[in-house]
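Hi everyone, thanks for making time this morning. I'd like to walk you through a few places in a structure I've been looking at, so please have a look at the screen.

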Amino acid sequence: MNTTEEKIVARTEDLVKVYGEGSASVRALDGVSLALGAAELTAIMGPSGSGKSTLLHCMAGLDRATSGRVYVGDVDLGSLDEKRLTRLRRDKVGFVFQAYNLVPTLTAAENIALPMDIAGRNPDRAWMDGVIEAVGLRDRLRHRPAELSGGEQQRVAAARALVSRPEITFADEPTGNLDSRSGAELLGFMRRSVGEYGQTIAMVTHDPTAAGYADRVIFLSDGRIVDEMRAPTAERVLDRMKSLGS
Amino acid sequence: MWKATIRGLLAHKLRLALTALAVVLGVGFVTGTYVLTDTMNRAFTDLFRDAVAGVDVYVRSHAAFAGPSAETERRPIPERLLETVRGVEGVRVAEGSVAGYAQLVDRRGKAVAPMGPPTLGVSWTTDRTLASLTIRAGRAPERPGEAVLDAVSARAHGFGVGDSVTVLFQGPTERFRVVGIAGFGEADNMGGATLVAFDLRTAQRVLGRPGALDTIEVAADPGVPAATLRDRIAAVLPPGVEAVTGRAVGSEEAKSLQEALSFFRTALLVFAGVALFVGAFIIFNTFGILVTQRARELALLRALGASRSQVTRSVVAESAIVGAVASGAGIGAGVLMALALRGLLAAFGIDLPSVGLQILPRTIVISLVVGIAVTLAASVLPARRAGRVSPIEALRDAEADRPTSLRTRSFVGGIGTVGGAAALGAGLFAGAGIGVVGAGVAAVFLGVAILAPLVARPLARVIGAPFARLRGLTGRLGRENAMRNPRRTAATSSALMVGLALVGTFLILGASLKVSLGKAIERSLRADYVLTAGSHFTGFSPALAERLRGRPEIAAVSEIRIGFWRKPGSTSLRMVTAVDPATVERVLALGVRPGNVAGLRPDEVLVSRRAAERGRIRVGDRLDMEFPASGTAPLTVAGLFDEGGLVGDYAVSLAAYGRLFTSRLDSMVLVRAAPGRAPGEVRGVLAREIGAFPSVRLEDQAGMRRQQEGMIDQLLGLVTALLGLAVVIALLGIVNTLALAVFERRREFGLLRAVGMSRRQVRAMVRHESVIIALIGGVLGLGIGLFFGWALVAALGDAGVTELALPTAQLAVFLALAGLAGVLAAVLPARRAARVDILRAVTVD
Ligand SMILES: Nc1ncnc2c1ncn2[C@@H]1O[C@H](COP(=O)(O)OP(=O)(O)OP(=O)(O)O)[C@@H](O)[C@H]1O
Ligand SMILES: [Mg+2]
């Protein structure tokens with residue numbers, strides 16, 4: 001279903017993830033094959049427990065698959081040892097989690113520069129300024145996370161994910177803890193960074209409105225891709241979710 | 001509530017285990033000290049009992065008291081008394097014996113000098129019931145030229161039956177053939193002393209007792225009680241000679257040993273106290289952190305209806321259980337320590353008769369009580385804080401400690417610090433006693449520890465600056481983490497502070513002592529060379545000085561002897577130095593004023609200016625001095641002199657010494673080269689002359705200084721080693737705090753790992769935090785040490801510590817060691833931090 005001329009940034013082949021053993025085992029992913037194209041915002045949806053977070057973790061190199069393959073660019077994550085995997089996360093992948101995104105002892109600005117600091121690289125000043133401007137945090141830079149609102153914290157996290165210009169950014173329910181206005185601000189920013197800066201983002205969400213910002217929506221159920229939708233709107237997504245029975 | 005307490009304990013097993021270890025070590029030190037000293041006590045008591053087992057009555061000259069010298073303090077008694085005693089009704093057998101200084105020379109020509117115990121020569125007692133020595137190999141000495149050695153010396157220096165051996169005496173050195181090896185009852189030697197036995201005639205000759213005896217040992221006819229026999233014998237003795245039952249002699253000796261051991265015990269217990277004090281900081285800190293981490297759980301209990309006091313009690317109960325378990329383990333550890341130390345003593349050649357380890361009920365009670373009390377005391381504040389957790393906090397995110405109000409903290413801490421310093425001052429300068437000094441020291445530590453959270457943040461900022469600059473992100477984060485919770489950082493570093501403060505104090509005291517001694521030697525020593533005895537309480541034959549006198553290369557030879565005296569009625573011994581009035585001023589600048597040394601008469605004494613000041617003694621006063629052998633003698637104060645380091649506070653003439661003491665050994669001979677002689681030439685002469693006296697060491701001024709400094713360094717090393725345990729316990733504290741912090745911050749570490757921080761970087765971050773905390777402890781500790789050291793040196797000004805010296809390099813080394821300790825402490829927590837489960841950390845639970 002992908003158009004072949006599109007550049008693929010990350011993909012999975014027949015991805016399986018089993019938690020636990022024997023009768024207590026859970027098949028969280030049951031043969032997921034998926035390709036994420038460059039400069040696209042992809043939303044991943046599905047009922048609770050359908051394997052969305054698991055998929056994201058496996059694709060981002062936070063967790064290892066039971067079988068199947070994950071590629072970021074041309075790199076097969078399964079072939080990487082712990083050190084290389086860490087380096088890949090640092091250099092090629094960005095993250096926004098639902099909560100606990102920031103290091104409490106660092107200021108907003110320091111949190112944004114964290115991945116580059118870890119790598120010992122100097123941030124690209126102009127790009128960083130642009131990102132900060134875009135998330136609207138100019139006057140919050142010297143604050144610590146405890147002094148920021150939940151929405152501001154998530155925007156700092158998004159800025160951090162993008163500032164090192166990763167090949168792909170993963171976001172797991174980034175707006176889950178936000179009110180609709182803060183959520184809209186964050187989604188607007190993510191949308192722009194895909195449209196204007198050519199970033200690639202995969203985002204898990206339960207919110208049809210959030211999915212409406214995406215280029216493409218993938219529907220998961222019981223660890224399998226059951227459907228996908230291009231150029232979604234909130235209404236169509238809502239309809240589809242109802243039909244999936246979630 | 002009990003269920004909650006037990007669950008709480010089980011849930012924090014590892015953390016509490018580390019805390020408990022601090023108590024285990026401290027209590028172990030206490031137990032070990034008691035067990036070791038009790039065991040030694042018992043061993044020596046048995047030894048003395050065995051030694052006198054077959055002797056019913058001893059006859060000897062009367063002595064006021066026994067000094068620490070190896071040389072017998074009693075005057076000899078005439079040999080003809082033996083016949084008198086044998087004639088008493090009820091005496092089955094009586095034998096005379098002599099004992100004195102005799103030092104073995106090993107195969108390489110070096111004098112055998114045990115550290116502390118004496119080197120003895122004795123006569124062989126032929127009657128088997130009277131004898132305490134038993135032949136292990138060969139036979140008893142029977143004629144001139146024959147000797148028997150104790151088994152330890154024989155083994156250690158490779159002497160066997162048939163070998164020949166050189167022995168040093170007060171008189172000329174002689175050679176003997178070893179005809180036998182002897183043991184002392186079950187033991188191979190007598191408490192570390194070296195022993196050479198000769199037949200009585202030979203012993204009398206070589207030990208300087210021709211026609212005289214030191215004691216007569218008597219065994220009674222069957223059915224005659226020892227006391228009866230004693231009284232019968234006493235009736236025929238001349239004045240100044242006494243008869244004493246064997247039992248009385250045994251307990252006399254045991255008692256003097258007990259006194260020495262009790263000093264040793266007290267010293268060790270002080271260090272054990274320091275270790276427990278440091279342990280208390282760690283218990284306080286751990287319980288504090290646990291209470292904070294469990295605030296939610298405690299709040300829930302409160303919300304469910306638990307009262308404040310119930311919550312407080314549950315924490316107290318927890319600490320009581322930890323204290324009891326840890327003290328129990330500590331007792332076990334202490335017994336092991338005592339075993340190890342006994343092994344160590346054996347390795348040093350002190351062979352104890354095989355008695356079982358003495359674990360007295362008293363030891364167990366004290367150890368348990370101390371361990372539990374310290375744990376409880378340290379957990380009182382955290383427990384009260386636990387009680388104050390409000391039910392509403394169950395709903396809040398509880399990371400931050402609720403800080404004590406700044407004002408209360410500064411006030412209480414300030415009072416502690418200032419009050420402690422005042423007590424210290426009162427103890428040191430106003431003579432309020434050592435107990436007050438100890439309390440002052442503890443109060444200063446507590447006061448500074450209470451104030452420390454106020455300065456922990458800025459200190460961490462400054463100390464962490466190089467890390468932040470040089471180590472990049474991990475350094476910056478490490479510093480931030482150290483600054484994050486000043487109270488915790490402060491409590492953790494305070495534990496290390498105590499150890500380092502004491503180490504710093506002793507380093508400063510030691511350095512000042514060295515400089516002061518050096519200055520004193522420089523000021524007062526006019527001699528070019530000093531001949532000293534290798535070990536402390538022995539001397540060497542005056543024959544050496546005799547041979548040096550009159551040599552053309554040498555301008556002056558002056559002998560110095562030392563002895564002990566006490567004020568009548570007092571038990572503390574003081575030193576008295578004997579000098580040669582005719583020559584001493586050519587080798588020592590005593591600065592006698594008023595009065596003069598040259599005219600010092602045998603019934604006169606010179607007193608140092610500082611002792612005169614302290615004791616309000618004036619020239620012309622009569623000083624009653626009690627001596628071991630000669631009893632109380634009134635001496636007239638003929639003048640005052642400047643203390644010079646080599647001569648103590650009281651000086652008499654050699655003639656007076658001869659009248660008052662039985663020993664004839666020189667403890668030092670000072671030599672001044674003749675003018676115009678090359679130093680090498682004079683040194684060569686001396687080196688040749690002392691060839692016949694292997695126990696004598698030749699030093700020039702610089703060597704003399706080095707020797708004194710070496711002694712101070714040895715003592716410093718010992719003290720530092722004993723404080724080492726406190727430092728180890730403080731390290732445990734850092735490990736514990738870090739482990740708890742890592743547990744708290746596992747999400748944060750997970751996040752850092754998720755965004756690409758390597759394990760190595762995570763470890764570095766924890767390590768930097770640890771080093772910063774340790775360095776804070778180091779800086780605070782050395783700061784306090786500086787103050788204590790200064791106070792101590794100032795207080796000891798009139799005890800001869802005239803200069804204040806700062807051993808900067810050594811202090812810096814210890815600060816660096818503190819930092820290194822931080823690195824060590826971080827190893828395990830850092831590993832745990834690097835291993836956090838990333839997914840668990842970043843997903844919402
Ligand atoms: N660590 C784990 N151990 C065992 N089972 C797990 C683990 N993590 C997830 N699972 C199971 O795997 C399945 C998929 O979980 P996952 O977290 O991916 O779902 P999700 O789609 O993200 O759900 P939600 O919308 O509630 O976040 C679930 O059934 C879950 O119970
Ligand atoms: Mg999820």
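In which helix of chain B does B:Leu820 lie? The answer is helix H23, which covers residues 808-834. Before I go further, please keep in mind that this is a predicted model.

B:Leu820 has company. Together with B:Val813, B:Leu817 and B:Val823, B:Leu820 forms a nonpolar patch on the surface. The accessible area of the four residues together is about 320 Å². As a general reminder, an α-helix has 3.6 residues a turn, so residues three or four places apart point the same way.

Now to charge. There is also a patch of positive charge on the surface, and both chains contribute to it. From chain A we have A:Lys83 and A:Arg87. Chain B brings B:Arg471, B:Arg759, B:Arg760, B:Arg763, B:Arg767, B:Arg831 and B:Arg835. Two elements give two or more residues each: helix H2 of chain A, residues 82-92, and helix H22 of chain B, residues 759-795. The top contributor is H22(B), with four residues. Let me pick out B:Arg763, which sits in that helix H22 of chain B. Its relative accessibility is 31%, so B:Arg763 counts as partly exposed.

Let's turn to chain A as a whole. It has nine helices and ten strands. How compact is chain A for its 246 residues? Its radius of gyration is 18 Å, close to the 18 Å from the globule rule, so chain A is as compact as a globular protein of that length. Along the principal axes, the C-alpha atoms of chain A fill a box of roughly 50 × 45 × 40 Å. As for burial, 53% of the 246 residues in chain A count as buried.

Helix H1 of chain A, residues 52-59, is a nice case: seven of its eight residues are buried, leaving the helix mostly covered. Among the buried ones are A:Leu55, A:Leu56, A:Cys58 and A:Met59, and A:Lys52 is buried too. Just after H1(A) comes A:Gly61, with a positive phi of about 80°.

One last stop, back in chain B. B:Leu357 is placed in the loop between helix H9 (308-347) and helix H10 (361-388). With 22% relative accessibility, B:Leu357 counts as partly exposed, since buried would mean under 20%. Its C-alpha atom is 8.9 Å from that of B:Met40, although 317 residues separate the two along the chain.

That's my tour, and I'm happy to take questions.

Note on methods:
Residues numbered from 1 in each chain as written. Chains lettered and ligands numbered in written order. Predicted model: local features only at pLDDT ≥ 70, side-chain atom pairs only at ≥ 80, totals over all residues. Heavy atoms only, no water. Patch = residues over 30% accessible without salt bridge, like charges linked within 9 Å, V, L, I, M, F, W, Y side chains within 5 Å. Areas by Shrake-Rupley, 256 points an atom, 1.4 Å probe, with all protein chains shown as cover. Salt bridge = Lys/Arg side-chain N within 4 Å of Asp/Glu carboxyl O. Lys, Arg positive; Asp, Glu negative; His and termini not counted. Charge placed at Lys NZ, Arg CZ, Asp CG, Glu CD. Buried < 20%, exposed > 50% of the residue type's maximum accessible area, 1.4 Å probe, protein only. Rg over C-alpha atoms; globule rule 2.2 N^0.38 Å.
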